Amino acid sequence: MISTGQALLSEIEAFLAESGVTATKFGLAAVNDGHLVGNLRKGASVTLKTADRVRGYIERARSRAPAGAVSRETPATRRVLLIIGGGIAAYKCLDLIRRLRERGIAVRAVMTRAAKEFVTPLSVGALSNDRVFTELFDLDDEREIGHIRLSREASLIVVAPATADLLAKMAGGHADDLASCVLTATDKPVLVAPAMNPRMWLNPATRRNVAQLQADGIHFVGPNVGEMAERGEAGPGRLAEVPELVEAIEGLLGSRSVNVPSPRRIEDAPSARWGGRSLAGRHVLVTSGPTHEPIDPVRYIANRSSGKQGAAIAAEAHALGARVTLVSGPTSIPDPPGVTVVHVESARDMLQAVRDALPADIAVFAAAVADWRVAGQATEKIKKGGKAAPRLELVENPDILKTIAAERPGRRPPLVIGFAAETQNVLEYADRKRKAKGADWIVANDVSPGTGIMGGDRNSVHIVTAQGVESWPELDKTEVARRLVALAAARLADIAAAT
Ligand code: C5P
């Protein structure tokens, strides 16, 4: 016996309401029991075998019903075709279907073969109150409701969870199963909710596919950053939470410009938790390290920057899915993997490389750029030769942060973040610097001798913005990077939502 008699009853009631069949006739047709529905209404339970037979009957009856006779309760203007991919997160689709239907959004599901390994068509069909489509070559389907019609009858196609394989198929235009056929045949907006292992999400092939799909106008929600189902695995790749999916779907369904909204607006819906926001499709530009200002071919002026903080920021932005350009002065640390690193020597080279890398969505100026360079750099090594010590004339270097922050709208990155290394009055000087340089935020740190911050692995920073100061405890530079990039991603989303 099963205790889900009531769940079965609600599926039967929905079917009776949409088909107009009487309770007695239904029972007789489905399991040859004219009292079935009456007994269920009185609270009786049923065996699994009976429940299966009832559901099978409903499914067969629906597939025979003429178009429009199914899902009568839902308005035709808000119909989602949900393509469920084969991932462990597929179970979240059950709740998603429930939440969408609560909002009066009709859901019809297509499941890939792999998806059926994670959730059953029976549960999906019971919750969507509609037939579930799985096979491309089902003669009945192709005659009665083929992939073109599946697409035509939807207002929006949602792919969740979108596996790396499904994204690859979409990007490549493959059409070898029902899900990919629908996706290649559709002219409706498509929202994908990726979910996969972080290494698969960060794999260069997946990155290329995501970039291609974004260029094709496909909308993205997530993935979020967090723990994976596999033990010890964490990073970007979690399916967006159901409320985030619902919000993204409602955003697309509700909008009049539903066929052409910017992908970014959806991905960065303001309610998404900032800690888990993806930077997929974004370009993040970071400067880091010192600059070397040559005196002659063998000597230079420099400072003690190690480049660790900037490299950590670049790595973190990459982990959140951004395309990252790191313009780095000479350092002894390895290049962060997956990041485009442009190696430069002097401040002027750095400014040029930064200019070449624009446009960017976020620019983080973590480099300790030398304020001055030597005027008239010697082309040959300056010899001691018993003469008086040479006098070095210094001229001011371009201020890269200030220059980029003053770029015209459109070219200026929407979020410009500078760093301030101070030895006294840290907050006061940092805020002055923020205003003077036109930066949106300044990450201020105290580098007085004895703090060990210059070249060390830890950092103690204050985030100075027009709204005030947020001070963080002493943290590893990687943790500072994680928090800073998450905060920047959230801010970028707010900026996008406000424009
Ligand atoms: O003026 P100061 O060097 O203290 O400013 C620090 C901030 O300005 C950092 O974000 C640094 O990367 C940036 N900066 C710059 N170009 C310079 C000097 C500093 O981008 N020439």
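This is a tour of a predicted model, stop by stop, with what to select and what is found there.

**The whole chain**

Start with the protein chain coloured by secondary structure, which comes to 19 helices and 22 strands. The chain has 499 residues, and 44% of them are buried. Turn on contacts between residues at least 6 apart in sequence: 69% of these join residues at least 24 apart.

**Strand 4 and helix 9**

Select Ala-160 and Pro-161. The peptide bond between Ala-160 and Pro-161 is cis, with omega at about -10 degrees. Pro-161 belongs to strand 4, which covers residues 156-162.

Move along to helix 9, residues 164-172, and show its side chains. Which residues of helix 9 are buried? They are Ala-164, Leu-166, Leu-167, Lys-169, Met-170 and Ala-171. Note that the list includes a lysine, Lys-169. To see what these buried residues pack against, add strand 4, helix 10 (178-185), strand 5 (190-194), helix 11 (198-202) and helix 12 (204-215). While the helix is on screen, a general point helps in reading it: an α-helix has 3.6 residues a turn, so residues three or four places apart point the same way. After helix 9 comes Gly-173, with a positive phi near 75 degrees.

**Pro-243 and Leu-96**

Next select Pro-243, a residue of helix 13 (residues 242-254). Pro-243 counts as partly exposed because it has 15 C-beta neighbours inside 10 Å. Add Leu-96 to the selection. Pro-243 and Leu-96 are 147 residues apart along the chain, yet their C-alpha atoms are separated by 8.1 Å.

**Helix 15 against helix 19**

Hide the rest and keep helix 15 (residues 308-319) and helix 19 (residues 477-498). Their axes come within 8 Å and cross at roughly 50 degrees. Helix 15 is therefore oblique to helix 19. The crossing of helix 15 and helix 19 is right-handed.

Now show the side chains where the two helices meet. On the helix 15 side, select Lys-308, Gln-309, Ala-312, Ile-313, Glu-316 and Ala-317. On the helix 19 side, select Lys-477, Thr-478, Val-480, Ala-481, Arg-482, Leu-484 and Val-485. The residues of this contact between helix 15 and helix 19 divide into 7 nonpolar, 2 polar and 4 charged.

**Pro-359 and Gln-377**

Select Leu-358 and Pro-359. A cis peptide bond joins Leu-358 to Pro-359, with omega near 5 degrees. Pro-359 sits in the loop between helix 16 (347-357) and strand 14 (362-365).

Go on to Gln-377, in the loop between strand 15 (372-374) and strand 16 (394-396). Is Gln-377 buried, exposed or partly exposed? With 15 C-beta neighbours inside 10 Å, Gln-377 counts as partly exposed. Leaving aside neighbours within four places in sequence, Gln-377 is in contact with Pro-294, Ile-295 and Asp-296. Add Glu-393 and draw a distance: Gln-377 and Glu-393 are 16 residues apart in sequence, and their C-alpha atoms are 9.5 Å apart in space.

**Around the ligand**

Centre the view on the ligand. How many residues surround the ligand? There are 13, and the closest are Phe-365, Val-369, Ile-400, Leu-401 and Gly-418. Helix 17 (400-405) and strand 17 are the elements that give two or more residues to this shell. Strand 17 gives the most, with 3 residues. Coloured by residue type, the shell around the ligand divides into 8 nonpolar, 3 polar and 2 charged residues.

**Two asparagines with positive phi**

Finish with two loop residues. Select Asn-425, in the loop between strand 17 (415-422) and helix 18 (426-437). The phi of Asn-425 is positive, about 40 degrees, although the residue is not a glycine. Asn-425 counts as exposed because 10 C-beta neighbours lie inside 10 Å.

Then select Asn-32, in the loop between helix 2 (23-31) and helix 3 (36-41). Asn-32 has a positive phi near 60 degrees, again in a residue other than glycine. Why does Asn-32 count as exposed? Asn-32 counts as exposed because it has 9 C-beta neighbours inside 10 Å.

Technical notes. Residues are numbered from 1 along each chain as its sequence is written. This is a predicted model: local features need pLDDT of at least 70, side-chain atom pairs count only at pLDDT 80 or more; totals for chains, interfaces and linings use all residues. Helices (H or I, at least four residues) and strands (E, at least two) are DSSP runs, numbered from the N terminus. A residue is buried if 20 or more other C-beta atoms lie within 10 Å of its own, exposed if 12 or fewer, and partly exposed in between; C-beta atoms are placed from the backbone. Two residues are in contact if their C-beta atoms, placed from the backbone, lie within 7 Å. A residue is near a molecule or strand if its C-beta atom, placed from the backbone, lies within 6 Å of it. Ala, Val, Leu, Ile, Met, Phe, Trp, Tyr, Cys and Pro count as nonpolar, Asp, Glu, Lys and Arg as charged, and the others, Gly among them, as polar. Axes are lines fitted to C-alpha atoms, for helices over the stretch in contact, and angles run from 0 to 180 degrees between N-to-C directions. Angles under 35 degrees count as roughly parallel, over 145 as roughly antiparallel, 65 to 115 as roughly perpendicular and the rest as oblique. A crossing is left-handed if the near helix is turned anticlockwise from the far one by less than a right angle, and right-handed if clockwise.
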